[in-house]
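Please look over the two chains shown below before reading on. The report that follows takes up surface, interior and backbone in turn.

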Amino acid sequence: MTGSVLKAAAYALGALGLLAFIFLLRPINETAVIQQRSGTEISEPYLGRTLNASGGQEIGQEFTTPGPGRLSAVGIFFPILNRDSKGSVKFELFNNDRPRRLIMRSETAVSRLSNNEGLTIWRFRPLQVTKGEKYFIRLTVNAEPGLTVFSASGDAYRGGNARLDGKRLGRDLAFQVFYRVSPAELWSRLSSDMPNLVGPLPLSIIVVALWAAVAAWLHRLLTFRPYSDA
Amino acid sequence: MSAFVAGVAERGGKSIVPLLVLVIIKAVLFSAMLPAWGGDDEVAYWADIKEVSGETAIFRGYTPTNHGRVYPTLVAPIYLASKSFSLEHRLFMVRLFGALMYALIVYLSFLTAREIWPRSGFIQMTAPIIVAFNPKLSFVMASVGSDVFLIFILSAFLYFLTALLIRPDPKRALALAAVVVVGTLTKQRFFIAFPLLVLASAALVPLLGKKIASWGSQARRRAAWAAVVCVGGLWQLWPAIKSLIGTKSGGVGLATVSYDPQIVRLWQSGPFGEQMFRQFWGFFAGSFGIYLSANIYSIIAAVLLAALVGLGVRTYLAARQIIQFGFSAEAGFSLRVNPVTPEQMRAGLTIIVQSATMAIIIQATGAYEIYGASALGRYLLVGAVPAALLTAAGLDALTPAFAKRGVPIILGLSMFVLNISGITAFLMPVVY
């Protein structure tokens, strides 16, 4: 009896360790500054129109950091129209102070962009920022017949504007900016302001049930017979 | 739920019960964590359910889809029963139907593995693990959408087809016919089943014919009536069957399953295949568009490549048992063909069916890209079970006896970590 209890406790601890490991394993622990709170919202206002640029033209977007944190990635939403485009796009991120300071530069083949399937994300070494800093994303199009980016119908984002060949447009690109956050901050977001459908208490119950199920499954994995003569 | 678990245990599937329970709880977690309307085309499918439930079909500007009405009809009772709930809680309740379907798909993968390899605990344990922890499949099964039921009904079709090939039995034939009817009404992408039926018929007709010849006159009369009912049913189903046939220009349906060098070139071109592969394994949450890290895809690709080599080894060893070449100085080259045992025959037939399924799904996905709007990696998910079976069989051939217990453990734990990290490391940071 004592042996069974100890065994059950060992498996339960193993399962708990596994879940803790998963929570800590967060290779892209970023969160979006400009984000849509639900799937449908992404179609409006951020995907209201498209912005077209031909070979040699530059598409840009300014943004402002909303608070202190570690800026780590930028994502842009491209439509399927780029499917037939050949060539590449140069992605650059600048600190928008005078003079502009280059943070990151990368050349990406158009065929590798996520066409209409969510964001194409460019990551870089996390950058410590404070509230109100200005940044600028620049895409230089080296593709024929050109490149198309989803954009808002109007001025959806107040921290900056889209630009075409340096000329300010009265709208914004469909884009997101990501920050790194600590596990503690992530958990606090999860248990307070969150888009999960059931709320903190039922979610905690589901996680505990998952933990018990993992323990039972681990036990089965350790005792199954690879071959049977039956 | 407890009746389901008891039923599974009764049929000798005790070893799979803990995994099925885990799959259901995991699916509940995914259903809760996936933000409202974050699933692929979830809003349009919600409009379908509203329409079937007799409400105004337009939802947030979306009109119902033109897919079959089997899925919305099945979930409509949940939708109507949760009328007093908030919209988010109602969505969560309807999503839970996917948790049940997911457990059934995993169970079907176990049953199919057990039919083909009755003595291999390794394959019976490994194949369901691969299905249970596919990160993309987990998100699809946590969403509202007809793919939830389509993947289940195609997995059921493959199970009954396999079971029938292995043990021809009128009951199994009837179950297969019922699955074909429901599948035909579910979604156009069920067309994949028809070429497989034609392929399997070559083996099924003589097998079933032999069985029927041994029946008494009463059983034959019953079978004749069943045939009449089937033909009548097909007549009724003609509009749905016509939709399954589709048109090449529309980019969907049986019409696209014909040789086209464009499709071959598309898959050979690299970026398309890579994109489909990445989306099949881990492209999360519809419009959020979150991919796994590149290294993870490389590891998955390496494991699958090893499994492919294993399948080759398995096929070679089986062929060597049947066809034996010899050479001696006196007699020169000799060729001996041993009689094929029933076990070899059924393993060969079923592997051909599983491989053909994957080939048809891959061809159809390419056709969507060439003739239709565009292909998505999730279209390959209807092949989740055959892909898992072939992978498990391949890994079995490569795994030495002393590692037969260790490999499923390592694979299971790694895939579980990958699966849950889909939420903690990829979805949460972007959405929460």
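## A nonpolar patch on chain B

In this predicted model, B:Phe325 lies in strand E3 of chain B. With a relative accessible area of 70%, B:Phe325 is exposed, since the cut-off for that class is over 50%. Together with B:Ile323, B:Leu335 and B:Val337, B:Phe325 makes a nonpolar surface patch of about 450 Å². The elements that give two or more residues to this patch are strand E3, residues 323-328, and strand E4, residues 332-337, both of chain B.

In soluble globular proteins, nonpolar side chains tend to be buried together. Against that background, the exposed B:Phe325 can be set beside the cores described next.

## Nonpolar cores

The largest nonpolar core holds 143 residues, and those that touch the most other members are B:Leu19, B:Trp46, B:Tyr71, B:Phe133, B:Phe157 and B:Phe190. A second, separate core has 31 residues, including A:Phe78, A:Phe91, A:Leu113 and A:Val177.

Which residues is B:Phe190 in contact with, when its neighbours within four places in sequence are left aside? They are B:Leu150, B:Ile153, B:Leu154, B:Phe157, B:Val179, B:Val180, B:Gly183, B:Thr184 and B:Leu244. One of these, B:Phe157, is also listed among the core residues that touch the most other members.

## A buried serine in chain B

B:Ser146 is found in a loop of chain B, between helix H7 (135-141) and helix H8 (147-166). Its relative accessible area is 2%, so B:Ser146 counts as buried, the cut-off being under 20%. The side chains of B:Ser146 and B:Lys187 are joined by a polar contact of 3.1 Å. Beyond its neighbours within four places in sequence, B:Ser146 is in contact with B:Tyr45, B:His67 and B:Tyr71 as well as with B:Lys187; of these, B:Tyr71 also appears among the core residues that touch the most other members.

## Chain A and its residue Thr120

Chain A contains 3 helices and 12 strands, and buried residues make up 50% of its 230 residues. Among its contacts between residues at least 6 apart in sequence, 79% join residues at least 24 apart. The accessible surface of chain A comes to about 10,900 Å², with 57% of that area belonging to carbon and sulfur atoms.

A:Thr120 offers an example of a contact across the sequence: A:Thr120 and A:Phe78 are 42 residues apart in sequence, yet their C-alpha atoms are 7.5 Å apart in space. A:Thr120 has its place in strand E7 (residues 120-129) and is buried, with a relative accessible area of 7%. Not counting residues up to four places away in sequence, A:Thr120 touches A:Val74, A:Gly75, A:Ile76, A:Phe78, A:Leu113 and A:Ser114. A:Phe78 and A:Leu113 are included in the core of 31 residues.

## Backbone features in loops

Most residues other than glycine have a negative phi, and most peptide bonds are trans. The peptide bond from A:Glu144 to A:Pro145, however, is cis, with omega near 0°, and A:Pro145 is placed in the loop between strand E8 (134-144) and strand E9 (147-151) of chain A.

Phi of A:Asp165 is near 50°, a positive value, and A:Asp165 lies in the loop between strand E10 (162-164) and strand E11 (167-168) of chain A; at 42% relative accessibility, A:Asp165 is partly exposed. In chain B, phi of B:Asp41 is near 50° and positive. B:Asp41 is in the loop between helix H2 (17-33) and helix H3 (42-52), where B:Asp41 is partly exposed, with a relative accessible area of 45%.

Technical notes:
Residues numbered from 1 in each chain as written. Chains lettered and ligands numbered in written order. Predicted model: local features only at pLDDT ≥ 70, side-chain atom pairs only at ≥ 80, totals over all residues. Heavy atoms only, no water. Patch = residues over 30% accessible without salt bridge, like charges linked within 9 Å, V, L, I, M, F, W, Y side chains within 5 Å. Areas by Shrake-Rupley, 256 points an atom, 1.4 Å probe, with all protein chains shown as cover. Salt bridge = Lys/Arg side-chain N within 4 Å of Asp/Glu carboxyl O. Helix = DSSP H or I, 4+ residues; strand = E, 2+ residues; numbered from the N terminus. Buried < 20%, exposed > 50% of the residue type's maximum accessible area, 1.4 Å probe, protein only. Core = buried A, V, L, I, M, F, W, Y, C linked by side-chain atoms within 4.5 Å. Contact = heavy atoms within 4.5 Å. Polar contact = N/O pair within 3.5 Å; in protein donor to acceptor, adjacent residues only side chain to side chain.
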